[in-house]
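Me: I would like a close look at a single part of this model, namely how its helices pack against one another. Please take the contacts in turn, and then add whatever else can be said about the ligand and the backbone.

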Amino acid sequence: MAEPLLATAGLVKRYGGVVAVDHVTLAVERGHLHAVIGPNGAGKSTLIGLLSGEMAPGAGTIRFNGHDVTRLHVHRRARLGLARSFQVTSIFHSFGVLANVVLAVQAHAGHSFRFWRPASRDPALVEPALAALERVGLAERRHDPAATLSHGERRQLELAMALAGDPAMLLLDEPMAGMGPEDGRRMVALLESLKGERTILLVEHDMDAVFQLADRISVLVYGAVIASGRPDDIRADAEVRRAYLGEAA
Ligand SMILES: Nc1ncnc2c1ncn2[C@@H]1O[C@H](COP(=O)(O)OP(=O)(O)O)[C@@H](O)[C@H]1O
Ligand SMILES: [Mg+2]
């Protein structure tokens, strides 16, 4: 079998006495939407932070697309195609929607760009930015200030900003949090449309969305993976039901 796109081995992150991520060994296959679920405080956000490079693990390794990225900075990982949406990319609210995505494209392109040229008119930046906005369904709002977007649209913009770098893999931490049912459905449809095209690691509380979207599910409890497998197997797993799904239902 081909090497997984992303693989962690024995990943550990401690905060003082708390073991937030406890020897996590996880493989995400290329093209899969792999969901990570678990109760509040299970270590899901910490795991995403370790994968994106915002924090360093106390132990363990992270391999991405044939590279050991364990000690690489966020930007180096993004350059390799591992991108996180939400939190790393911050929206400039007074800027237009398109300008925000143009900046994300420029940030991703890094030094190879000529900064003396106005970014907003450089087709090499504007074209991929527009494509990303079209992808998430925000192209019509491109000239509006980001501050005028609804909560759901802001989440779409953040996703467009992550897509701007054309990543092979997206890390998403609760993209549906705080959304109403309509925006939630739109986000599920968007993620469904990205499936196969991008590898996605999705942390999400909405179990209907998770079981609808995921190719694989890993369950994190107290920082440790207690189960990993196909949605049907996870649904049937007695330990998972006891530790989490029973509680959620
Ligand atoms: N910056 C931090 N400092 C200390 N403890 C933290 C910090 N961030 C998270 N934790 C703790 O680590 C554990 C995992 O948190 P987190 O990764 O946010 O879980 P989840 O995203 O699954 O809710 C929790 O016990 C949390 O209180
Ligand atoms: Mg979290």
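Reply: In this predicted model, the axes of helix α4, which spans residues 123–136, and helix α5, which spans residues 151–163, come within 9 Å of each other and cross at roughly 135 degrees. Because an angle over 145 degrees would be needed to count as roughly antiparallel, that crossing makes α4 oblique to α5. The crossing in which α4 passes α5 is right-handed. On the α4 side the contact is made by Ala 132, Leu 133, Arg 135 and Val 136, and these meet Gln 156, Leu 157, Leu 159, Ala 160 and Leu 163 on the α5 side. Sorted by class, the residues of this contact of α4 with α5 are seven nonpolar, one polar and one charged.

Helix α5 also packs with helix α3, which covers residues 97–109, and here the axes are 8 Å apart with an angle of about 30 degrees between them. Since angles under 35 degrees count as roughly parallel, α3 is roughly parallel to α5. The crossing of α3 and α5 is, once more, a right-handed one. From α3, the residues Val 97, Asn 100, Val 101 and Ala 104 take part, and from α5 they are met by Leu 157, Ala 160 and Met 161. This contact of α3 with α5 holds six nonpolar residues and one polar residue, with no charged residues. Leu 157 and Ala 160 of α5 therefore appear in the contact with α3 as well as in the contact with α4, contact here meaning heavy atoms within 4.5 Å.

A further partner of α5 is helix α6, made up of residues 181–194, and the two pack at an angle of about 20 degrees with their axes 10 Å apart. That angle makes α5 roughly parallel to α6. In passing α6, α5 forms a right-handed crossing. The α5 residues of this contact are Gly 152, Arg 155, Gln 156, Leu 159 and Leu 163, while α6 brings Asp 183, Arg 186, Met 187, Leu 190, Leu 191 and Leu 194. By class, the contact of α5 with α6 is made of six nonpolar, two polar and three charged residues. Gln 156, Leu 159 and Leu 163 of α5 belong to this contact with α6 and also to the one with α4.

Turning to the ligand, the residues around ligand 1 are Tyr 15, Val 18 and Ala 20, together with the run Pro 39, Asn 40, Gly 41, Ala 42, Gly 43, Lys 44, Ser 45 and Thr 46. Among them, Ala 42 has a backbone N or O atom that lies 3.1 Å from an oxygen atom of ligand 1, whereas Lys 44 places a polar side-chain atom 2.8 Å from an oxygen atom of the ligand. For Thr 46, an N or O atom in the side chain is 2.5 Å from an oxygen atom of ligand 1.

Two points on the backbone remain. His 23, a residue other than glycine, has a positive phi near 50 degrees, and its place is in strand β2, which runs over residues 18–28. Asn 65, which is not a glycine either, has a positive phi of about 50 degrees, and Asn 65 sits in the loop between β4 (59–64) and β5 (67–68).

Note on methods:
Residues numbered from 1 in each chain as written. Chains lettered and ligands numbered in written order. Predicted model: local features only at pLDDT ≥ 70, side-chain atom pairs only at ≥ 80, totals over all residues. Heavy atoms only, no water. Axes fitted to C-alpha atoms, helices over the stretch in contact; angles between N-to-C directions. Helix = DSSP H or I, 4+ residues; strand = E, 2+ residues; numbered from the N terminus. Parallel < 35°, antiparallel > 145°, perpendicular 65-115°, else oblique. Left-handed = near helix turned anticlockwise from the far one by under 90°. Nonpolar A, V, L, I, M, F, W, Y, C, P; charged D, E, K, R; others polar. Near = heavy atom within 4 Å. Polar contact = N/O pair within 3.5 Å; in protein donor to acceptor, adjacent residues only side chain to side chain.
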